[in-house]
Amino acid sequence: MIAQLIFIIILGAAVYLFTKNAGKIRRNILLGKDTNRSDQPGKRWAVMAKVALGQTKMVKRPVAAVMHFFIYVGFIIINLEVLEIMIDGIFGSHRIFSKPLGSLYGLLIGGFEVLAILVLLSCVVFLCRRNIVRLKRFSGTEMTKWPKSDANYILCIEIILMTAFLTMNAADYKLQLLHFEHYIKAGSFPVSSFIAPLLPDNASSLAIIERVCWWLHIVGILAFLNYLPYSKHFHILLAFPNVYYSNLKPKGEFTNMASVTNEVKAMLDPSFVPETTGEVSRFGAKDITDLTWKNLMEAYTCTECGRCTSVCPANITGKLLSPRKIMMDTRDRITEVGKGIDEKGKDFKDDKALLDNYITREEIWACTSCNACTDACPVNINPLEIITELRRYVVMEESQAPASLNNMFGNMENNGAPWKYSNADRFNWTAK
């Protein structure tokens, strides 16, 4: 009863803390402006099934795709086993699903073990890729000590959890063979049976090992759950909704600001009556509250894999821009504002902004708007939307566009084209 009570307290505390921290992230995301992403639900479900569930955008890097698939499937399926562990912890039972599931239980445990070893090996390979091979896309000015450590912590935690799971099963397997106490014959152990000879033959020692690994596995999972809100690994929860709310328009199609569109229509047609769009507080975006909730959700969904930056032509040619940094800076700014709200209330203001304090003007003007980053992202994150809104603010609020763009704007206004030639001279090139 004492063990059950301790487990219930730990479980309740873990669920409470996770709910509280996840609620803060939800609050932070909703600081963004509203945008409609609920249209065409059928198409959105299809995109989510293809991109998030099917991971079709991962296959461009097949080695990483295969290993990520093992971790992804293992994470989902092995966690079904966590349900049994939780029931056992609450009611003091042991392998409670073994009797109702019969022979199917052995098949499930065997499958869990195969997936566990695949997850473990994949995590080891990923650790080597980051720390020994040192792939270029895992480095960059934005990849400071914490982002690198965070990735290593996640992989090490996964290895510890899978090792505890397999060791627990190995001890359980030997205790079943010894017919020790409540350890009834249940399950199939194709992987942990090879670990069993490494464990002692004494039943009491095996029981201690089994219990220690049981607690390590389940408490480790609950601790990992509460680590997620502080980690880039929160994408395992946000990837599906983020893909569902993807922009379904063609990648090269930019959005128009309703207030500006109405103004232009009124100039062209004096009888035009604009629809009420509400007060326009700012053209473009200077801070995170000027962005949409979808932009902020994407910032929390980013897993810092670097695929966007590795294909960015500006970054490849040595420019300061890194699409990954755009998303990481946005997330850091949201987190900072959220902490300020927690400490000083919902009216919290500071003298910082996303533009200049986090993202420089050199970065936003280095972007070629090619959409390579959005095409490369495995979960349909769009850094270009944030860059575009920051540019809009600089141009429309501050009139501080680069000189080359100001020349183009003047030519567009006067000549109807980006070039300096007037309409009358446009076809002079045809003259012999």
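This is a short tour of the structure on your screen, one selection at a time.

**The whole chain**

Start with everything visible, and keep in mind that this is a predicted model. Show the protein chain as a cartoon: you will find 19 helices and zero strands. Turn the chain around and you can follow its C-alpha trace, which spans about 95 × 55 × 40 Å along its principal axes. The chain has 432 residues, and 45% of them count as buried.

Now switch on a surface. The protein chain exposes about 23,200 Å², with carbon and sulfur atoms supplying 64% of that area. If you colour by charge, look for 48 positive and 40 negative charges, whose mean positions are 5 Å apart. One more thing about the chain: among its contacts with a separation of 6 or more, 76% are between residues 24 or more positions apart.

**Stop one: helix H18**

Select residues 383-396, which make up helix H18. Its 14 residues reach 20 Å from the first C-alpha to the last, close to the 20 Å expected at 1.5 Å a residue. Is this helix enclosed or open? Twelve of its 14 residues are buried, so H18 is largely enclosed by the rest of the structure. Among the buried ones are Pro 383, Ile 386, Glu 389, Arg 391 and Tyr 393.

To see what does the covering, add helix H11 (293-301), helix H14 (323-344), helix H15 (354-357), helix H16 (361-366) and helix H17 (372-376); the cover of the buried residues includes these five.

Next, zoom in on the N-terminal end of H18. Asn 382 caps it, with a side-chain oxygen 3.1 Å from the backbone nitrogen of Leu 384.

**Stop two: Leu 390**

Stay in helix H18 and pick Leu 390. With a relative accessibility of 0%, Leu 390 counts as buried because the cut-off is under 20%. Show its neighbours: Leu 390 touches Ala 285, Lys 286, Leu 354, Leu 355, Ile 359 and Ile 364, leaving aside residues up to four places away in sequence. Try the distance tool on Ile 364: the two C-alpha atoms are 7.3 Å apart, although Leu 390 and Ile 364 are separated by 26 residues in sequence.

**Stop three: Ser 399 and helix H19**

Move along to Ser 399, in the loop between H18 and H19. Ser 399 counts as exposed, at 59% relative accessibility. Its phi is near 55°, a positive value in a residue that is not glycine. Most residues other than glycine have a negative phi.

Carry on to residues 403-415, helix H19. The 13 residues should span 18 Å at 1.5 Å a residue, and the end C-alpha atoms are indeed 18 Å apart. Just after H19 comes Gly 416, with a positive phi of about 75°.

**Stop four: His 179**

Jump back to the loop between helix H6 (145-177) and helix H7 (192-195), and select His 179. Which sign does phi have at His 179? It is positive, about 55°, although His 179 is not a glycine. His 179 is exposed, with a relative accessible area of 67%.

**Stop five: Asn 226**

Finish in helix H8, residues 203-227, with Asn 226. Asn 226 is buried, at a relative accessible area of 14%. Look for a polar atom of the Asn 226 side chain that lies 3.1 Å from the backbone oxygen of Leu 222. Then show Ala 14, Leu 17 and Phe 18, which Asn 226 touches when residues up to four places away in sequence are not counted.

Terms used. Residues numbered from 1 in each chain as written. Predicted model: local features only at pLDDT ≥ 70, side-chain atom pairs only at ≥ 80, totals over all residues. Heavy atoms only, no water. Helix = DSSP H or I, 4+ residues; strand = E, 2+ residues; numbered from the N terminus. Buried < 20%, exposed > 50% of the residue type's maximum accessible area, 1.4 Å probe, protein only. Contact = heavy atoms within 4.5 Å. Areas by Shrake-Rupley, 256 points an atom, 1.4 Å probe, with all protein chains shown as cover. Lys, Arg positive; Asp, Glu negative; His and termini not counted. Charge placed at Lys NZ, Arg CZ, Asp CG, Glu CD. Expected span 1.5 Å × (residues − 1). Polar contact = N/O pair within 3.5 Å; in protein donor to acceptor, adjacent residues only side chain to side chain.
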